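Here's a walk through one model, written for someone who likes cut-offs next to the claims. Have a look at the fold first, then read on.

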Amino acid sequence: MNDSPISVGEAFVAAMADHGIDYFFGNAGTDFAPVIEAFAKAASLGQPAPTPIAIPHENTAMGMAHGYYLATGRPQGVMVHTTVGTANAVCGLMNASRQNVPVLLFAGRTPITEAGAYGARNRVIQWAQESFDQAGMVREYVKWDYELRRPDQTTAALDRAMALAMSEPRGPIYMTLPREVLAGPAEPAALPPAKTPASTPGADPDALAAAAELLASAKAPLIITTTVGRYPDAAATLAALAETFAIPVVMHWPRYVCLPVDHPMHAGFAPGPGLKEADVVLVVDSDVPWIPAIEGPTESAKVVQFGIDPLYGDYPLRSFAADIVINANPVTGLKALHAALSDRIDTKSEAVATRRKTHIAKRAAQRATIARDLDTVRDAAPMSPAWVTHCIDRIKGDNASLVNESPLQQDHLTLTEPGSFFSASPVGGLGWGMGAALGLKLGAPDKLVIAALGDGAYMFGNPTSAHFVSRALGLPVLIVIFNNRMWGAVSRATKFMYPDGYAAKSNQVPLTLLEPAPDLEKVVAASGGYGVVVDDPGQLEAELIKARDVVLNEGRQAVVNVITQGV
């Protein structure tokens with residue numbers, strides 16, 4: 001029996017193991033049979049295979065693969081059920097795409113044949129589930145899509161999927177797997193494997209020199225970044241550049257720790273004040289460095305766009321100023337820029353010293369204002385997001401990773417270490433945070449993982465699915481819900497556009513209210529977790545400590561449902 005030819009499904013599972021895929025997050029359907037059999041055979045015979053995990057919803061599966069990559073830097077496999085599973089996975093795929101996260105998304109394909117072939121259709125649903133272009137749902141958000149057509153292409157297809165996903169700019173891929181092909185006998189690869197991703201681009205020397213000349217002659221240079229912290233060593237590289245040459249750094253809507261909050265050149269999270277004075281702006285790995293309808297550089301300011309794909313070619317429209325555009329890995333590119341500036345700037349000059357002193361004074365005043373603002377809301381009920389953030393910061397400790405899909409106020413966080421903060425994708429595909437927290441915990445089991453979620457994001461995250469996975473896999477995380485009982489972002493957008501309109505004057509903005517609010521803290525109990533609702537600001541820190549200790553000492557997941565202010 002063991003000498004019988006292996007199936008394509010078995011070859012596929014073996015190839016995933018060979019490519020270093022640790023986990024296979026599956027939301028299974030009738031198209032999975034050859035893959036399921038392959039996993040069962042591998043387990044029985046002790047053959048290498050990723051660990052298969054049953055995930056009750058595709059949103060959870062995509063978030064877990066995303067979070068695991070954030071923790072480890074290794075892409076993982078997700079498989080969903082034909083067209084319908086793909087449809088449920090698209091939101092998570094969009095999040096991964098806009099965050100340059102290489103998820104390997106596989107989908108079964110409804111059997112092609114109606115009869116005669118092994119694996120042909122045998123369920124009523126298999127006629128309706130077929131589409132003319134299944135990959136059309138995802139093509140705009142993946143780097144590559146392909147349907148496995150021949151048994152001898154199994155390894156080559158996975159080789160190409162991995163190489164393209166891991167080549168910069170990184171991103172997800174999509175591959176469909178027809179059941180008849182998976183069920184058929186495997187064949188030797190027609191060509192040797194080619195697994196190596198492309199090397200990252202290096203900065204053009206002439207463009208780098210031109211950027212260095214601008215920065216060296218600048219009186220008020222400014223750096224703006226958003227996601228440079230996704231690269232290993234990038235935060236340290238940026239910190240050294242900013243400190244050496246006294247260049248303030250604004251992190252606009254950061255999704256990673258790009259600069260330690262205690263760095264002397266940290267300039268906060270709002271670009272507006274710095275842009276009013278800046279004569280040269282270095283934009284490093286930022287898709288939206290400012291919002292043109294609200295603010296922007298002065299007309300005379302020069303702008304350098306810097307990073308891998310600095311013009312964001314997969315965004316249909318993006319019209320930010322760009323006098324010099326440098327396509328380069330931020331770590332190697334910033335190091336080269338540092339060296340070029342060292343040849344052009346006397347770091348002991350009076351100009352650099354004055355700039356440093358001026359910024360440090362501004363930052364101290366900024367921090368004092370933040371502290372005063374916190375004092376004004378510490379006793380407010382319902383609670384301010386600033387107060388909730390402050391309390392999370394006080395209890396998180398030094399070994400925590402914070403996953404954010406909420407109105408968290410970053411001014412009130414003391415984040416200093418790379419890998420301690422991850423925020424949601426700018427595409428806004430809600431429901432990412434719970435799965436990402438579980439994937440992060442799976443990849444970094446010694447970390448305390450805290451997920452800060454809005455009440456809408458919690459519901460979008462299919463909490464029953466996520467809590468099930470947390471219990472089943474022993475992945476205890478702390479979830480803090482900012483519960484304002486509404487779509488706050490929608491309400492704010494409406495009032496921004498129509499500040500004197502009927503909605504702004506209304507006590508109940510249409511289509512934004514989530515009332516009557518569910519008892520969200522009770523959902524986790526169905527999966528053995530701890531839940532509590534908190535509406536007293538004076539009790540929040542103590543309740544967060546209690547929930548944190550449940551996670552750390554009892555190994556159980558916990559939910560703290562915090563009643564916060566509306567908009």
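How many of the 6 residues of strand E10 (residues 302-307) are buried? The answer is 5, so strand E10 is mostly covered, where buried means under 20% relative accessible area, exposed means over 50%, and partly exposed is in between (1.4 Å probe, protein chains only).

A bit of housekeeping before going further. This is a predicted model, in which local features need pLDDT of at least 70 and side-chain atom pairs count only at pLDDT 80 or more, while totals for chains, interfaces and linings use all residues. Residues are numbered from 1 along each chain as its sequence is written, and side-chain values use heavy atoms, with hydrogens and water left out.

**Strands and sheets**

Strands (E, at least two residues) and helices (H or I, at least four) are DSSP runs numbered from the N terminus, and two strands pair if DSSP finds at least two bridges between them. E10 has parallel partners: 5 bridges join it to strand E9 (residues 280-284), and 4 bridges join it to strand E11 (residues 324-327). On the E9 side, Val283 has Gln305 of E10 as its bridge partner; towards E11, Phe306 stands opposite Ile326.

Elsewhere there's an open sheet of 6 strands with parallel pairing, in the order E2-E1-E3-E4-E6-E5. Its edges are strand E2 (51-54) and strand E5 (145-147), each pairing on one side only. Neighbouring strands here are turned by 20° against each other on average, direction ignored; axes are lines fitted to C-alpha atoms (for helices, over the stretch in contact), and angles run from 0 to 180 degrees between N-to-C directions. Inside this sheet, 6 bridges join the parallel strands E4 (residues 104-109) and E6 (residues 173-178), with Ala107 opposite Thr176.

Another open sheet of 6 strands, again with parallel pairing, runs E13-E12-E14-E15-E17-E16. Strand E13 (421-423) and strand E16 (530-534) are the edge strands, each pairing on one side only, and the average turn between neighbours is 15°, direction ignored. Strands E15 (residues 478-483) and E17 (residues 558-563) run parallel and share 6 bridges, one with Ile481 facing its partner Asn561. Helix H13 (residues 385-395) lies across E12, E14, E15 and E17, at about 165° to E15.

**Cores**

In soluble globular proteins, nonpolar side chains tend to be buried together. A nonpolar core here is a set of buried Ala, Val, Leu, Ile, Met, Phe, Trp, Tyr and Cys residues joined through side-chain atoms within 4.5 Å. The largest one has 50 residues, and those with the most contacts inside it include Phe25, Leu105, Val403 and Ile479. Apart from it lies another core of 40 residues, among them Ala211, Val249, Met251 and Ile308. Contact means heavy atoms within 4.5 Å, and Val403 touches Phe422, Trp432 and Leu440, among others, not counting residues up to four places away in sequence.

**Aromatic rings**

Rings of Phe, Tyr and Trp (its six-membered ring) pair if their centres lie within 6.5 Å; planes under 30 degrees apart count as stacked, over 60 as edge-to-face and the rest as tilted. The whole structure has 9 aromatic pairs, including these:

| Pair | Type | Centre to centre | Angle between planes |
|---|---|---|---|
| Tyr23 and Phe25 | stacked | 6.1 Å | 20° |
| Trp290 and Phe320 | edge-to-face | 5.4 Å | 85° |

Why does the pair of Trp290 and Phe320 tie together parts that are 30 residues apart in sequence? Because Trp290 lies in the loop between E9 and E10, and Phe320 in the loop between E10 and E11. Trp290 counts as buried at 3% relative accessibility, and Phe320 does too at 15%. Tyr23 and Phe25 are both buried, and ring pairs link them with Tyr68 into a cluster.

**Backbone oddities**

Two cis peptide bonds are worth a click. One joins Glu168 and Pro169, with omega about -10°; Pro169 sits in the loop between helix H6 (154-166) and E6. Another runs from Ala381 to Pro382, with omega near 0°, and Pro382 lies in the loop between helix H12 (350-377) and H13.

Asn100 isn't a glycine, yet has a positive phi of about 55°. Asn100 lies in the loop between helix H4 (82-98) and E4 and is buried, at 16% relative accessible area. Asn462 has a positive phi of about 50° and counts as partly exposed at 22% relative accessibility.
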